[in-house]
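Let's take a guided walk through this structure together. Have the viewer open and follow along as we go.

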Amino acid sequence: MEFVHHAPEGYLCPFCDLARGDFSNPRNLCRPGDVIYSDDLVLAFIASHGFEPNPGHVLITPREHVELLYELPDDVAARIMTLTRDIAIAIKLAWTPDGVSTRQHNEPAGSQHVWHYHQHVLPRWHDDGFYFTPKRPIVDPAVRARKADELRAFLPKR
C-alpha cells in the first residue's frame, strides 16, 4: 500500500541532516552535542524543543529517511523499540523521574510536524500536567469486539 507523504516539496529534513552530521541548514536546531546514541540503523538525541516543565526528552529516529510508522522496516522498528526501553531506563537512572512516557505521531491529524519518523521518550513527574485529560467512558465490550474484528481483518499473517 502506498501512503501519502506530507513533507513539502524541497523539505530539508533536520533528522537526516543530523544523521549525516550536516549542520549547514540554519533552520535545523539539532546540534552534535544532542546525540546520545548512534548505530547503523538508528539515532537517539535530546530534542531541541522541550515539553515543559520537564525539558530533556529524547527522540529516536531511523538513520534513513522514513516519514511514517507504517513504512518502518522490521529491523529498524525492532531497534527503535529496544532503544526506547534502554533510553527509558537511562532516564530513570540519570534523573530519577516518577515515570517515563513514550509517544509517536503520524501525519498532520496525528500531530506529526517533522516529516521523519521519531519516537519521543519523556521523563515524567507526578502532577506535571503533561497528559492531563479527564477519564474517558468505558467502551462497551461489544463495540470493542467489533473493533478488534475490523483490525484483525487487516493484520498481516506472520
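A salt bridge here is a side-chain nitrogen of Lys or Arg within 4 Å of a carboxyl oxygen of Asp or Glu. With that in hand, please look at Asp128 and Arg124: the two form a salt bridge, and their closest N and O atoms are 2.7 Å apart. Is Asp128 buried or exposed? Asp128 is buried, at 14% relative accessibility, and its partner Arg124 is buried as well, with a relative accessible area of 15%. Both values fall in the buried class because that class takes in anything under 20% relative accessible area. Keep in mind that you are looking at a predicted model.

That pair belongs to a wider set, since the structure holds nine salt bridges. Let's visit two others, each set within a helix. Asp17 pairs with Arg20, and the closest N and O atoms of this bridge lie 2.4 Å apart. Why are these two separated by about one helical turn? Asp17 and Arg20 sit three residues apart in helix α1, which spans residues 14–20, so about one helical turn lies between them. The two ends of this bridge fall into separate exposure classes: Asp17 counts as buried at 6% relative accessibility, while Arg20 is exposed at 55%.

Now move along to helix α3, residues 141–152, where Arg146 and Glu150 are four residues apart and therefore also separated by about one helical turn. Their salt bridge has its closest N and O atoms 3.4 Å apart. Arg146 is partly exposed, at 44% relative accessibility, and Glu150 is partly exposed too, with a relative accessible area of 36%. Bridges can also link up: through shared partners, Asp17, Arg20 and Asp22 are joined into one network.

Next, turn to the pockets. How much space lies in the largest pocket? The volume is about 530 Å³. A set of 23 residues lines this pocket, and the ones nearest its centre are Pro14, Arg27, His49, His113 and Val114. By class, the lining of the largest pocket has twelve nonpolar residues, ten polar ones and one charged.

The second largest pocket holds about 270 Å³ of space. Its lining includes Met1, Leu69, Phe154 and Pro156, along with Asp74 and Arg158. Here the lining divides into eight nonpolar and two charged residues, with no polar ones.

Let's close with two individual residues. Where is His118 found? His118 lies in the loop between strands β4 (99–104) and β5 (119–124). His118 is buried, with a relative accessible area of 4%, and its side chain reaches the backbone oxygen of His116 at 2.7 Å. If neighbours within four places in sequence are set aside, His118 is in contact with Phe15, Leu59, Ile60, Thr61, Arg103 and Gln104.

The other residue is Ile46, placed in strand β2, residues 42–46. Ile46 counts as partly exposed at 26% relative accessibility. Gly33 is 13 residues away from Ile46 along the chain, and the C-alpha atoms of the two are separated by 8.7 Å. Which residues does Ile46 touch, not counting those up to four places away in sequence? Ile46 touches Asp34, Ile36, Gly56, His57, Val58 and Trp95.

Conventions: Residues numbered from 1 in each chain as written. Predicted model: local features only at pLDDT ≥ 70, side-chain atom pairs only at ≥ 80, totals over all residues. Heavy atoms only, no water. 1 Å grid on protein atoms, 1.4 Å probe; cavity = no way out; pocket = protein on both sides within 12 Å on 5 of 7 lines; lining within 4 Å. Points joined across faces, edges and corners; volume = space filled by probe spheres on them. Nonpolar A, V, L, I, M, F, W, Y, C, P; charged D, E, K, R; others polar. Buried < 20%, exposed > 50% of the residue type's maximum accessible area, 1.4 Å probe, protein only. Polar contact = N/O pair within 3.5 Å; in protein donor to acceptor, adjacent residues only side chain to side chain. Contact = heavy atoms within 4.5 Å.
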